[in-house]
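Q: I am new to this structure and would like a close look at the site where the metal is held. Please describe that site carefully and then show how the rest of the chain is arranged around the same story.

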Amino acid sequence: MERGLDRNNIVSVHTVECWDPGKRARPVTRAQAIEALRHQVPACSKCQPDTALGIEV
Ligand SMILES: [Zn+2]
């Protein structure tokens with residue numbers, strides 16, 4: 001699981017399989033990814049991490 005970072009701002013959440021995670025992607029834990037999604041961090045529309053994590057957004 002990865003999320004794209006723009007300095008300290010989270011820009012989007014990705015799965016590890018995503019082919020377009022962005023230049024600043026950093027690996028995070030599953031729990032961190034879920035928390036980010038629940039705090040209005042947009043999920044990547046390409047790899048759909050919200051679906052992969054079983055979150056209904
Ligand atoms: Zn993605």
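A: The 4 donor atoms around the zinc ion subtend angles of 101 to 122°, which makes their arrangement tetrahedral. The model in front of you is a predicted one, and what follows is a description of that model. The protein atoms that serve as donors are ND1 of His-14 and the SG atoms of Cys-18, Cys-44 and Cys-47, and they lie 1.9 to 2.3 Å from the zinc ion. Along the chain, these donors follow the spacing H-x3-C-x25-C-x2-C. The long gap in this spacing falls between Cys-18 and Cys-44, a pair that links distant parts of the chain, 26 residues apart. Cys-18 sits in the loop between strand S2 (9-14) and strand S3 (26-27), whereas Cys-44 sits in the loop between H1 and helix H2 (49-52).

It helps to look at some of these donors one by one. His-14 belongs to strand S2, and its relative accessibility of 3% means that it counts as buried. Although His-14 and Cys-44 are separated by 30 residues in sequence, their C-alpha atoms are 5.5 Å apart in space. Cys-44 is also buried, having a relative accessible area of 7%, and Cys-18 counts as buried with a relative accessibility of 10%.

Some residues that are not among the donors also help to place the site within the chain. Asp-50, which is part of helix H2, is 36 residues from His-14 in sequence, yet the two are 8.6 Å apart in space when taken from C-alpha to C-alpha. With a relative accessible area of 17%, Asp-50 is buried, since the limit for that word is a value under 20%. Val-16, in the loop between S2 and S3, offers a contrast, for it is exposed, with a relative accessible area of 53%. The C-alpha atoms of Val-16 and Pro-49 are 9.0 Å apart, while 33 residues separate the two in sequence.

The loop between H1 and H2, where Cys-44 is found, deserves a second look on account of its backbone. Most residues other than glycine have a negative phi. Gln-40, which is placed in this loop and comes just after H1, has a positive phi of about 65°, and it is a residue other than glycine. Its relative accessibility of 68% means that Gln-40 counts as exposed. Gln-48 lies in the loop between H1 and H2 as well, and it too is not a glycine, although its phi is positive at about 50°. Here the relative accessible area is 43%, and Gln-48 is therefore partly exposed.

Before that loop comes helix H1, which spans residues 30-38 and has Ala-33, Ile-34, Ala-36 and Leu-37 as its buried residues. These buried residues cover an arc of only 160° around the axis, which puts them on the same side of H1. On the other side of H1, the exposed residues are Ala-31, Glu-35 and Arg-38.

The buried side of the helix leads on to the interior of the chain. In soluble globular proteins, nonpolar side chains tend to be buried together. In this model the largest nonpolar core has 9 residues in all, namely Val-13, Val-28, Ala-33, Ile-34, Ala-36, Leu-37, Val-41, Leu-53 and Ile-55. The element that gives the most to this core is H1, with 4 residues.

Finally, the whole chain can be set around these details. It contains 2 helices and 3 strands, and when it is read along the sequence the pattern is β-β-β-α-α. The chain has 57 residues, of which 37% count as buried. Its exposed area is about 4100 Å², and carbon and sulfur atoms supply 45% of that area. Among the contacts in the chain with a separation of 6 or more, 43% are between residues 24 or more positions apart. The zinc site gives one instance of such distant parts being linked, through Cys-18 and Cys-44, which are 26 residues apart.

Methods: Residues numbered from 1 in each chain as written. Predicted model: local features only at pLDDT ≥ 70, side-chain atom pairs only at ≥ 80, totals over all residues. Heavy atoms only, no water. Buried < 20%, exposed > 50% of the residue type's maximum accessible area, 1.4 Å probe, protein only. Arc of directions from axis to C-beta. Donors = N, O, S within 2.8 Å, 3.2 Å for Na, K, Ca; no water. Tetrahedral: all angles 85-135°; square planar, octahedral: opposite > 155°, others 65-115°. Core = buried A, V, L, I, M, F, W, Y, C linked by side-chain atoms within 4.5 Å. Contact = heavy atoms within 4.5 Å. Areas by Shrake-Rupley, 256 points an atom, 1.4 Å probe, with all protein chains shown as cover.
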